[in-house]
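Student: I have a structure open and want to talk through its internal space. Can we start with the main void and work outwards?

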Amino acid sequence: MIRTMPIIRWSAAAFLPLSMSSALAAQSEGEADETDATEIVVTGMGLDAAPSTGAYAITDLTREDIVASASGRIEDVLENVAGFQQFRRSDSRSSNPSAQGVTLRALGGNATSRALVVLDGVPLSDPFFGFVPLTSIAPERLSSIRVTRGGGSGPFGAGALAGTIELESADATTLGPVSANLLVNDREETEASGSLAANLGSGFAVLSGRWDRGQGFFTTPDDQRVPASARAAFESWSIGVRGVAPLSDTVELQARGLVFDDARTLRFDGADSTSEGQDASLRIVGRGDWQFDALAYIQARNFSNIVVSSTRFVRVLDQRNTPSTGVGGKFEIRPPVGGGHTVRLGVDYRRSDGELQEEAFSGFTGALRERRRAGGTNSDFGLFAEDDWQIGPLLLTGGLRADRTVISDGFFRAVDAGGDVVSESIAEDRSDWSFSWRTGAAFDAGAGVKLRAAAYTGLRLPTLNELYRPFVIFPVVTQANAELENERLEGFEVGLDWQPSESVSLALTAFDNRVENAIANVTLSPTLRQRQNLPAIEAQGVEAAMSLSFGAVSFDGSLAYTDAQIDGSGASLALDGNRPPQTPELSFSATVAWQPAQGWRLAGTVRHVGAQFEDDQETAALPAATTLDAFVQVPLGGQFSGILRGENLLDETIVTRNSGGAIDLGVPRTVWLGVRYGF
């Protein structure tokens, strides 16, 4: 069941490609008239990474890494990064979209993202829930990914509590004039994607689309299925348009629009959810002596979800409409101060508003019991400054950030079938200034050895969902909490990078992070939970990454070991020392690939995720899981290639949820076969 949003919400995304046409056309004509003009090259990217990146734990993924995953899903790509974690182990075909929070360094336990995910500089988190719409991110549209762990203080740094995941779109040259994928798996599910790209004068334009559909698999184990049990059916599509044009020899205009829709069924017939959105952004990047990056964006999102009783298998809740809007922007400038300094100064703003609209029904009669509305507005205005100072082999960096956060217009209201008020609360408006910082150093010791150290703080606002929306996963009720405070991170790390040759690299990082006021679903009784601020979640651990390349054979591996625990006191004293929910102690990934000739690739990936707990009481365990994936690409002639992909080839049982013994499972053995053109 797919719901549409008002046509006006499509207008921004539809307007962007039109706004580019005059600039592209004018530039193309100008180039034809001035044959001896200086060549202008646009990149479609933001400013070059600041030198400060050398002081932090960073993983870069290339396009080859991105387009060669076994599932074709962005979360599968990111699982090769040490410390990356989704709230649940389910992928974006078989989980509820609102549970797609991502984090780093075992700071999970919450369906809201604690890591900042940006695409071409634009934050992607849902304005109401804070989850990342993973199905809207087509890996084949990307050129690179950079993952930076630790609290952020630059643009939109208030969302980078656990780190930043930066996605960069591919340009027309990378994509080629035409590229396409078409695959089918052993359950007769299909995946289709394609793009049209053209270099227009010194600019370019890209039109891309993707469509995934399938009957899915049973997430319910055999011994727990009932006649109402359903496969995790899914259907998602997205259409993206992007244009880049030069405004001068050092300034370029970038525009991007995205429309997406995602529909899923979970556990029972009729338990349908939808997530949809329309995003648009404009960006101007200057690469002259005074470098600058100016960005503005708008997001229109909606979410719906039907809850089916796990005992009577009838509709008990219809969260029929959750419209939300996100607007924001940033301006960053880098003045040419010289003396080995790279200075970044800037301002950013984000505003989220939304409203839950749902109806609750009797599980016995089907009659309407309550109509509920909840919502509000959150905003963040940030100022930031950062200086990187290169002194021979030594890099010193430091940054400050000030955030004015405002939580306003919050409410929850429930009325019965006759319109009489059952419950109503109006939250008090509040605002505050918060300050965060980060500092680091990196020393090039020679012989390919770099030593680094960093310390930082970070900030995250509670989402509208956490503040105002209660929910039920029968028989457990989870209450919202309009009094939630901002989460705050304090942490430090030390690391070693060693690259004795182009074919060998090793990175090792030890870290200690503490999230104060960590938001979690705290158990009050066997059937009641509430979102509360825990005193803290502490995580200490080690991350390692290794890359080896010997001719046609390569190895890429990553490992994260984290000792995480809840620091409890007061109402959460009983949780003191417990491991946060959904937080494994050990995870690793290892990929061996063989590329005997141009266009060939044969690769196998082993992943392990350690045991973890479903709940804060450590009563419901999720066993460890080790999976084997495979990817094969074989040239067929011309630009065509045959693709063979295998997910969970050993058919490992992956437990993704354990609610009082009711189990959900992750993807079983799945084999894909198809053809690829271009790439």
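Student: What classes of residue make up the lining of the largest cavity?

Tutor: This is a predicted model, and in it the lining of the largest cavity has 14 nonpolar, 14 polar and 13 charged residues.

Student: How many residues line it, and which lie nearest the centre?

Tutor: The lining of the largest cavity comes to 41 residues. Nearest its centre are Glu 79, Gln 86, Arg 89, Arg 607 and Val 609.

Student: What volume does the largest cavity have?

Tutor: The volume is about 710 Å³.

Student: Which strand gives the most to that lining?

Tutor: Strand E29 does, with four residues. E29 spans 586–594. At least two lining residues also come from each of helix H3 (74–78) and strands E2 (84–86), E28 (553–567), E30 (601–609) and E33 (625–637).

Student: How many cavities of 30 Å³ or more are there in the whole structure?

Tutor: The search finds nine.

Student: Take the second largest, then. How much space lies in it?

Tutor: The second largest cavity holds about 450 Å³. It is lined by 28 residues, and Ser 125, Arg 350, Ser 352, Leu 461 and Thr 463 are the ones nearest its centre.

Student: And by class, what does the lining of the second largest cavity have?

Tutor: Twelve nonpolar, eleven polar and five charged residues.

Student: Which strands each supply at least two residues there?

Tutor: E4 (115–119), E14 (291–308), E16 (324–334), E17 (341–361) and E18 (368–391).

Student: Changing topic to the overall fold. How many helices and strands are in the protein?

Tutor: The protein has five helices and 37 strands. Its radius of gyration is 25 Å and the globule rule gives 26 Å for 679 residues, so the protein is as compact as a globular protein of that length.

Student: What box do the C-alpha atoms fill?

Tutor: Roughly 80 × 55 × 50 Å, taken along the principal axes.

Student: What percentage of the residues count as buried?

Tutor: Of the 679 residues, 55% do. On the outside, the protein exposes about 26,600 Å², and carbon and sulfur atoms supply 59% of that area.

Student: Last one, on contacts. Among those between residues at least 6 apart in sequence, what percentage join residues at least 24 apart?

Tutor: That figure is 66%.

How values were computed. Residues are numbered from 1 along each chain as its sequence is written. This is a predicted model: local features need pLDDT of at least 70, side-chain atom pairs count only at pLDDT 80 or more; totals for chains, interfaces and linings use all residues. Side-chain values use heavy atoms; hydrogens and water are left out. On a 1 Å grid over the protein atoms alone, a cavity is a set of points where a 1.4 Å probe fits but cannot get out, and a pocket is an open set with protein on both sides within 12 Å along at least five of seven lines; lining residues have an atom within 4 Å of a point. Grid points are joined across faces, edges and corners, and a volume is the space filled by probe spheres set on the points. Ala, Val, Leu, Ile, Met, Phe, Trp, Tyr, Cys and Pro count as nonpolar, Asp, Glu, Lys and Arg as charged, and the others, Gly among them, as polar. The radius of gyration is taken over C-alpha atoms; the globule rule is 2.2 Å times the number of residues to the power 0.38. Buried means under 20% relative accessible area, exposed over 50%, partly exposed in between (1.4 Å probe, protein chains only). Contact means heavy atoms within 4.5 Å. Accessible areas come from the Shrake-Rupley method with a 1.4 Å probe; for residues, only the protein chains shown count as cover.
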